[in-house]
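Dear colleague,

I am handing over the structure we spoke about, and my notes on it follow below. Please read them with the model open beside you.

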Amino acid sequence: MIGPHSLRGALLVAVLGLAASEARSEQFVLFDVTFTYTKDDADHAKPSKSHYYVKGKQINPDRPKDWTAPVDYRNGTVHIRAEVIDKPPGDAPTTWTICYIPNKGKGNGYGCTGTDVYTREGVYEKDVSMTKFWENDSIIWSEGIKQIDLVIKDDSGGGGHAHKRADHERFFPTKMRITVVQVSAGSKYDPSLVPGLPAKTDEKDKKPAPKPEPRKVDAAMKPDDCASCGEAE
């Protein structure tokens, strides 16, 4: 026979297990922005050119102050959805670096990941480990994130800001929708929990995303290297 103390203990374990299960399934939209970006926007972005700043009302005001507890987003994944709504002709390989600007940092002071390289309109999605992108350890995650810097670049690496290109008309103007979803450690991204996403296209109707041609990139200028994110020129 199970005594009252044993029963209470079993119920407590069950409740804690349920709470842990719910925590593992958590995700939140960090931001979801749709914007048109022109060469003039890139040239006059302040403090840094080719930057689009996600801050204020554009970044989720209910984002956690601490990304390590009680839900662990720091060791989870980020789901990046880049919808290229409009892009100039010419199929210029393009990407957006996504830089996390923390309330408190160390070392470099911020860290960056990015969208896939794309050449045409379409939807490009991927999951990135929060512990594997450039300088992720330079962020004190328990202090939270202040803003996100989006940087439009070519496929040459960290310093390939699009406003510097002689053929900038192949990059501007462009219209984007970029949605970033933070997924807790041990969980899997669930698109049904993201408001406003279009219905998923059937695989048979989906156009394959064009793959950019392989390009040799110097190790110091790898695509996720955001060493030049803060460049003002």
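Does Arg-74 count as buried or exposed, and at what relative accessibility? The model is a predicted one, and in it Arg-74 counts as buried, at 11% relative accessibility. Its side chain meets that of Asp-137 in a salt bridge, with 2.9 Å from N to O. Since Asp-137 lies in the loop between S6 and S7 and Arg-74 in the loop between S2 and S3, the pair ties together parts that are 63 residues apart in sequence. Asp-137, at 52% relative accessibility, counts as exposed.

A search of the whole structure finds nine salt bridges, among them one between Arg-177 and Asp-32, whose side chains meet at 2.6 Å, N to O. Arg-177 belongs to strand S8 and Asp-32 to strand S1, so this pair ties together parts that are 145 residues apart in sequence. Arg-177 is buried at 13% relative accessibility, whereas Asp-32, at 30%, counts as partly exposed. Another salt bridge joins Arg-165 to Asp-154, the closest N and O atoms being 3.0 Å apart, and both residues lie in the loop between S7 and S8, eleven residues apart in sequence. Arg-165 is partly exposed, with a relative accessible area of 25%, while Asp-154 is buried at 7%; these two residues are linked with Asp-167 and Arg-170 in a network of salt bridges.

Turning to the interior, the largest nonpolar core has 39 residues, and those with the most contacts inside it are Trp-96, Tyr-100, Ile-148 and Leu-150. Strands S1, S2, S3, S4, S6, S7 and S8 each supply at least two residues of this core, and S1 gives the most, with six residues. Leaving aside neighbours within four places in sequence, the contacts of Trp-96 include Phe-35, Tyr-37, Tyr-52, Leu-150 and Met-176.

The structure also holds 15 aromatic pairs. One of them, Tyr-37 with Tyr-52, is edge-to-face, at 6.3 Å centre to centre and 85° between the planes, and it links strand S1 to strand S2 across 15 residues. Tyr-37 counts as buried at 2% relative accessibility, as does Tyr-52 at 16%. The rings of Tyr-100 and Trp-141 have centres 5.7 Å apart and planes at 65°, so that pair is edge-to-face; Tyr-100 is in strand S4 and Trp-141 in the loop between S6 and S7, 41 residues apart. Both Tyr-100 and Trp-141 are buried, and they form one aromatic cluster with Phe-28, Trp-67, Tyr-73 and Phe-133.

With best wishes

Note on methods
Residues are numbered from 1 along each chain as its sequence is written. This is a predicted model: local features need pLDDT of at least 70, side-chain atom pairs count only at pLDDT 80 or more; totals for chains, interfaces and linings use all residues. Side-chain values use heavy atoms; hydrogens and water are left out. A nonpolar core is a set of buried Ala, Val, Leu, Ile, Met, Phe, Trp, Tyr and Cys residues joined through side-chain atoms within 4.5 Å. Buried means under 20% relative accessible area, exposed over 50%, partly exposed in between (1.4 Å probe, protein chains only). Helices (H or I, at least four residues) and strands (E, at least two) are DSSP runs, numbered from the N terminus. Contact means heavy atoms within 4.5 Å. Rings of Phe, Tyr and Trp (its six-membered ring) pair if their centres lie within 6.5 Å; planes under 30 degrees apart count as stacked, over 60 as edge-to-face and the rest as tilted. A salt bridge is a side-chain nitrogen of Lys or Arg within 4 Å of a carboxyl oxygen of Asp or Glu.
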